[in-house]
Amino acid sequence: MPFPLTVEQKQTAFWLAVWAAFFFLLVTLGPVLTPFLAAAIFAYALNPGVDRLDRIRFGRRFGMPRALSVLIVVTLFFSAITALVLIVVPVLQKEIPLLQAQIPAFLAKANDLLGPKLQELGVKVRIDSAGIKQLASEQMAASGDAIWSAVLNSARIGGTAVLGWLATVVLIPVVLFYLLLDWHAMLARIAGAIPRRYIEATMGMANEVDTLLAQYLRGQLLVMLVLAIYYSAALAIAGFDVALPVGIITGLLVFIPYLGFGLGLVLALISAVLQFTDFSGLIAVAVIYGFGQVLEGFFLTPRLVGERIGLNPLAVIFALLAFGQLFGFVGVLLALPASAVLMVAFKHLRRHYLSSSFYNA
């Protein structure tokens, strides 16, 4: 005969079910929550700046309104992003037309270098404009219907994705403004919803997580600064005309895994094709970016980020791989801060386990 549940146990089961349903709803509404999640991350990072402006006093009575502080910080933040875009776009506008003009000469060099070796292997393909056009025509003739259907599907999916991105880009500044405006009141409401028996332990864990994430942000900013200086200096030493903008782009976007490195690598390769008459530029790019990737992955991130949040370098590498496997690109982006949160939770769980009667009996 089962034991009857007490009133407290029934209430605990009820509220656990409510929270489980709430989290299930959040998972179901995942795509809709993307701008809110991004705005919340930005708000957490920018709130210290808003608080500093709040403390500015004009005389003894008057201080800066919270709304004005939020507006200044949000404006500066998106101005910095806009400036970064304005650095990238002129480089692309300058280099892409030049690249198109240089492609025939580059293909001719590649054909002279690789053509004889391909013919020795039995591959009869000319690496020039005419050969590539002929190969593309043959492939399109062989599978024309499949290609057109794939193009149409890609256009339809791509159009939907573009609309989704536009909506996200428009929503993020609005949500960010209101989150920063109501940040402290929102945190107070969340703290007020925690059961009183757990409030002290929960607030202690929250303070530990806040300290770790602050250290993570400082470490990540230091990594970005070091890599921006490294890529700019290395490309300048190699003789690249666009060393400064490409190096800054690569370094500042490194917090987005693969995007910063990939975009910087593409821009550097384009510059190498345009500026150098031989393969020395391409070799220089391969050496610079290969060493930069090793420097970031095996030294800077584990040392400057991993040690600040108390993670072993092997744990940092495992966290990046594991979160990337589970959650894709977003998982890689949030791997280290999420690992810091999990580490705090695991530390408290371990402490509870070591003090439990199950362990000590």
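## Exercises on a predicted helical model

Asp-51, Asp-54 and Arg-66 are linked in a network of salt bridges. The model you are looking at is predicted, and these exercises walk you through it piece by piece.

### Exercise 1: The salt-bridge network

Work out which helices Asp-51 and Arg-66 join, and whether Asp-54 and Arg-66 are buried or exposed.

*Solution.*

Step 1. Start with the total: the structure holds 4 salt bridges. In one of them, the side chains of Asp-51 and Arg-66 come together with an N to O distance of 2.8 Å.

Step 2. Place the two partners. Asp-51 belongs to helix α2 (residues 30-54) and Arg-66 to helix α3, so their bridge ties together parts that are 15 residues apart in sequence.

Step 3. Now add Asp-54, which also bridges to Arg-66, with 2.7 Å between the closest N and O atoms. Since Asp-54 lies in helix α2 and Arg-66 in helix α3, this pair ties together parts that are 12 residues apart in sequence.

Step 4. Check the burial. The cut-off for buried is under 20% relative accessible area. Asp-51, at 16%, counts as buried, and Arg-66, at 17%, does too. Asp-54 and Arg-66 are both buried.

### Exercise 2: A residue on the same helix

Find Arg-52 and decide whether it is buried or exposed.

*Solution.*

Step 1. Look in helix α2, where Arg-52 is found.

Step 2. Apply the cut-off: exposed means over 50% relative accessible area. Arg-52 has 61% relative accessibility, so it counts as exposed.

Step 3. For orientation, compare Arg-52 with Ser-69: they are 17 residues apart in sequence, and their C-alpha atoms are 8.7 Å apart in space.

### Exercise 3: Links across the sequence

Which helices hold Glu-208 and Lys-347, and how far apart in space are the C-alpha atoms of Gln-215 and Leu-304?

*Solution.*

Step 1. Glu-208 and Lys-347 form a salt bridge whose closest N and O atoms are 2.8 Å apart. Glu-208 sits in helix α7 and Lys-347 in helix α12 (residues 335-354), so the bridge ties together parts that are 139 residues apart in sequence.

Step 2. Consider their surroundings. Glu-208 is partly exposed, with a relative accessible area of 24%. Lys-347 counts as partly exposed at 41%.

Step 3. Stay on helix α7 (residues 199-237), which also contains Gln-215. Gln-215 is partly exposed, at 24% relative accessibility. From Gln-215 to Leu-304 is 89 residues in sequence, and 9.4 Å in space from C-alpha to C-alpha.

Step 4. Set these pairs beside the whole chain: of the contacts with a separation of 6 or more, 65% are between residues 24 or more positions apart.

### Exercise 4: The nonpolar cores

Find out which helices supply at least two residues of the largest nonpolar core.

*Solution.*

Step 1. The largest nonpolar core has 31 residues, and those touching the most other members are Val-223, Leu-227, Leu-235, Phe-240, Val-246, Ile-288 and Tyr-289.

Step 2. At least two residues of this core come from each of α3 (66-120), α7, α8 (243-252), α9 (259-275) and α10 (280-306).

Step 3. Zoom in on Ile-288. Beyond its neighbours within four places in sequence, Ile-288 contacts Tyr-230, Tyr-231, Ala-234, Leu-235 and Ala-238.

Step 4. Apart from the largest core lies another, of 15 residues, including Val-50, Leu-53, Met-64 and Leu-180.

### Exercise 5: Surface and annotated spans

Which residues form a nonpolar patch on the surface, and what is the helix content of residues 67-89 and of residues 221-240?

*Solution.*

Step 1. Take the chain first. The protein chain has 13 helices and 2 strands, and 28% of its 361 residues are buried. The chain exposes about 23800 Å², with 73% of that area supplied by carbon and sulfur atoms.

Step 2. The nonpolar patch consists of Phe-14, Trp-15, Val-18, Trp-19, Phe-22, Phe-23 and Leu-26, which together have about 720 Å² of accessible area. Trp-15 lies in helix α1 (residues 7-28).

Step 3. Turn to the record: an unreviewed UniProt entry annotates "transmembrane region" for several stretches, among them residues 13-46, 67-89 and 221-240.

Step 4. Examine two of these stretches. Residues 67-89 are 100% helix, and their end C-alpha atoms lie 32 Å apart. Residues 221-240 are 85% helix and 0% strand, with end C-alpha atoms 25 Å apart.

Technical notes:
Residues numbered from 1 in each chain as written. Predicted model: local features only at pLDDT ≥ 70, side-chain atom pairs only at ≥ 80, totals over all residues. Heavy atoms only, no water. Patch = residues over 30% accessible without salt bridge, like charges linked within 9 Å, V, L, I, M, F, W, Y side chains within 5 Å. Areas by Shrake-Rupley, 256 points an atom, 1.4 Å probe, with all protein chains shown as cover. Helix = DSSP H or I, 4+ residues; strand = E, 2+ residues; numbered from the N terminus. Buried < 20%, exposed > 50% of the residue type's maximum accessible area, 1.4 Å probe, protein only. Core = buried A, V, L, I, M, F, W, Y, C linked by side-chain atoms within 4.5 Å. Contact = heavy atoms within 4.5 Å. UniProt positions renumbered as here; feature names shortened; annotations may be inferred.
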